[in-house]
Each structure stands twice: as C-alpha cells, then as structure tokens.
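Open the model in your viewer and keep the sequence panel beside it. The stops below say what to select and what is there.

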Amino acid sequence: MATRVGTVKSYNVHKGWGFVECNGTDVFLMHKELGGKVVSPGDKLKLTITTGEKGKPQASNVSVISSAGEEKYKGRIKSFVQQKGYGFITCDALQGQDIFFMKSDVSERALPILSANQDCTFTLHLGDRGPQAKDITLVGAAGNAVKEAMSGGGGMMTVPFGGGSQGSGGVPMVPLPDVMKLVAMLQGGGGGGMNHLPVQKHMFQKKKWN
C-alpha cells in the first residue's frame with residue numbers, strides 16, 4: 001500500500017482515537033497505531049490507509065513527521081509509592097523500560113487517586129536515572145474523575161438566596177463568599193447584623209456536586 005501524508009484533524013486522548021485529514025478524506029486513527037505517542041490537531045503524520053471493520057478508511061503504520069507542540073507520550077502507571085514520592089510508567093514507545101517520575105510532576109488534584117494501572121500522558125526528558133516523565137496528566141476514567149473534581153470546586157459552600165442557581169427543592173443557591181460580602185456591606189451601613197437579613201444562619205448548607 002502507498003504511504004500517504006496527512007494532518008491530524010482531531011484526537012481525543014481520553015478515548016484514544018481521532019481523525020486524520022488526508023487528501024480531503026477523514027481517516028480514522030486509533031491510539032495503538034501511534035506507538036505510545038500522543039498527537040494533537042495540526043500534527044503531520046505519515047501513514048497507510050486501510051479499510052476498517054465498518055468499511056471506513058483507517059490509518060495504519062503511522063509515524064509522526066512533525067508536531068505542533070512539545071512531543072507527548074501515552075503510558076500507564078506501573079507503580080507509585082506515595083510515601084517516597086516517586087513511581088514508574090510503562091509506555092509502548094520505550095518497551096521493556098520503566099520510566100521514572102516524581103510526584104512533583106503530577107497535579108495536586110490527581111495525587112490522592114494516583115495508583116497503578118491508570119493511563120496517563122507525559123513529556124519525556126533525560127534525567128539522572130535515565131528517561132524521566134514530566135507534566136503527567138491522568139486520562140481515561142481517572143482523568144475524568146480529576147476533571148470533575150476540578151470543575152466541582154471541591155464542594156463550594158452555598159446558601160439559598162435569590163438570583164442564584166437552583167438548589168434542592170427549587171431554592172436558588174448562591175456561593176457563600178458572595179453572601180458574606182453582602183452581609184459585610186449591610187452591617188457596615190448600620191443594617192443591624194445577620195438577624196435582619198433575608199438569609200439566616202440556619203440556612204447555610206453545603207451544596208452536593210453531582
């Protein structure tokens with residue numbers, strides 16, 4: 001089969017697939033064809049085109065010609081010792097070799113759930129111990145859990161009040177810091193304190209994030 005050159009159109013690192021635009025045709029791309037590397041839109045690839053299970057064009061024998069940013073890899077956490085602060089990653093790009101990493105190269109949100117057999121992406125550097133992974137990001141199920149924790153704000157305190165998003169029972173919710181600012185403003189103006197506000201102390205509650 002003839003070798004073609006294409007440009008990455010899209011790639012979902014969590015799901016492990018994407019599309020390459022090649023002579024006006026969208027070609028399906030699976031992560032297993034990348035040899036442990038991660039691609040981004042705009043990257044140039046060399047590939048051959050085969051017919052996939054659904055009769056659609058699919059990329060095989062893929063190699064990266066040029067990357068739009070810093071080269072990234074996808075691997076799996078082999079081990080992590082929380083007390084000592086280091087671990088190892090395996091990757092198809094360096095088969096048979098464990099890649100060392102420090103916990104300082106993992107986001108604080110991911111550290112509490114970091115464990116063996118989780119998928120991750122990383123950049124590769126040469127350290128004192130040989131290849132070393134940096135800029136480690138969890139992907140897949142573990143990565144989605146980290147994203148949800150970040151978007152949830154860690155359980156922000158809210159109170160029922162007018163003009164906020166709806167809480168349980170259809171009662172609008174307002175972030176606690178915003179309400180406290182209002183309290184301070186009214187108290188400063190001689191409003192008589194918390195008991196004269198439409199928001200009472202017993203109404204404070206913690207919003208449950210889905």
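For sorting lining residues, Ala, Val, Leu, Ile, Met, Phe, Trp, Tyr, Cys and Pro are called nonpolar, Asp, Glu, Lys and Arg charged, and the others, Gly among them, polar. This is a predicted model.

**Whole chain**

Start with a cartoon view of everything. The protein contains 14 strands and 2 helices. Of its 210 residues, 34% are buried. Switch to a surface: the accessible area is about 12500 Å², and carbon and sulfur atoms account for 52% of that area. When contacts between residues at least 6 apart in sequence are taken, 49% of them join residues at least 24 apart.

**The largest pocket**

Next, select Phe19, Asp26, Phe28, Met30, Lys32, Gly52, Glu53, Lys54, Lys56, Pro57 and Gln58, which line the largest pocket. The volume of this pocket is about 240 Å³. Which strands each supply at least two residues of its lining? They are E3, residues 25–30, and E6, residues 57–66. Colour E3 separately, as the largest share of the lining, 3 residues, comes from that strand. Colouring the lining by class gives 5 charged, 4 nonpolar and 2 polar residues.

**The largest cavity**

Clear the selection and turn to enclosed space. How many cavities of 30 Å³ or more does a search of the whole structure find? The search finds 1. About 40 Å³ of space lies in the largest cavity. To see its lining, select Lys37, Val38, Val39, Asp43, Val64, Ser67 and Glu71. By class, this lining holds 3 charged, 3 nonpolar and 1 polar residue.

**The cysteines**

A disulfide is a covalent bond between the sulfur atoms of two cysteines. A search of the whole structure for disulfides finds 0. Select Cys120 and Cys91 and draw a distance between their sulfur atoms. Why is there no bond from Cys120? The closest cysteine sulfur to that of Cys120 is in Cys91, and at 8.4 Å it is too far for a bond, because a disulfide needs the two sulfur atoms within 2.5 Å. Cys120 itself is buried, and its relative accessible area is 0%. Add Cys22 to the selection: this residue is also buried, at 3% relative accessible area.

**Ile89**

Keep Cys120 shown and select Ile89, in strand E8, which runs over residues 86–91. Is Ile89 buried or exposed? Ile89 has a relative accessible area of 0%, so it counts as buried. Beyond its neighbours within four places in sequence, Ile89 is in contact with residues including Cys120, Phe122, Ile77, Ile99, Phe101, Ala133 and Ile136. Gly75, Arg76, Lys78, Gln97 and Asp98 are also among its contacts. Then show the C-alpha atoms of Ile89 and Asn117: they are 28 residues apart along the chain and separated by 9.2 Å.

**Gln132**

For the last stop, select Gln132, located in strand E11, residues 130–138. Its relative accessibility is 12%, so Gln132 counts as buried, given that the limit for that class is under 20%. What does Gln132 touch once its neighbours within four places in sequence are left aside? Its contacts are Ile99, Phe100, Phe101, Met102, Asp105, Thr123, Leu124, His125 and Gly127. Leave Ile89 on screen for reference: Ile99 and Phe101 are in contact with Ile89 and with Gln132.

Terms used
Residues numbered from 1 in each chain as written. Predicted model: local features only at pLDDT ≥ 70, side-chain atom pairs only at ≥ 80, totals over all residues. Heavy atoms only, no water. 1 Å grid on protein atoms, 1.4 Å probe; cavity = no way out; pocket = protein on both sides within 12 Å on 5 of 7 lines; lining within 4 Å. Points joined across faces, edges and corners; volume = space filled by probe spheres on them. Helix = DSSP H or I, 4+ residues; strand = E, 2+ residues; numbered from the N terminus. Buried < 20%, exposed > 50% of the residue type's maximum accessible area, 1.4 Å probe, protein only. Contact = heavy atoms within 4.5 Å. Areas by Shrake-Rupley, 256 points an atom, 1.4 Å probe, with all protein chains shown as cover.
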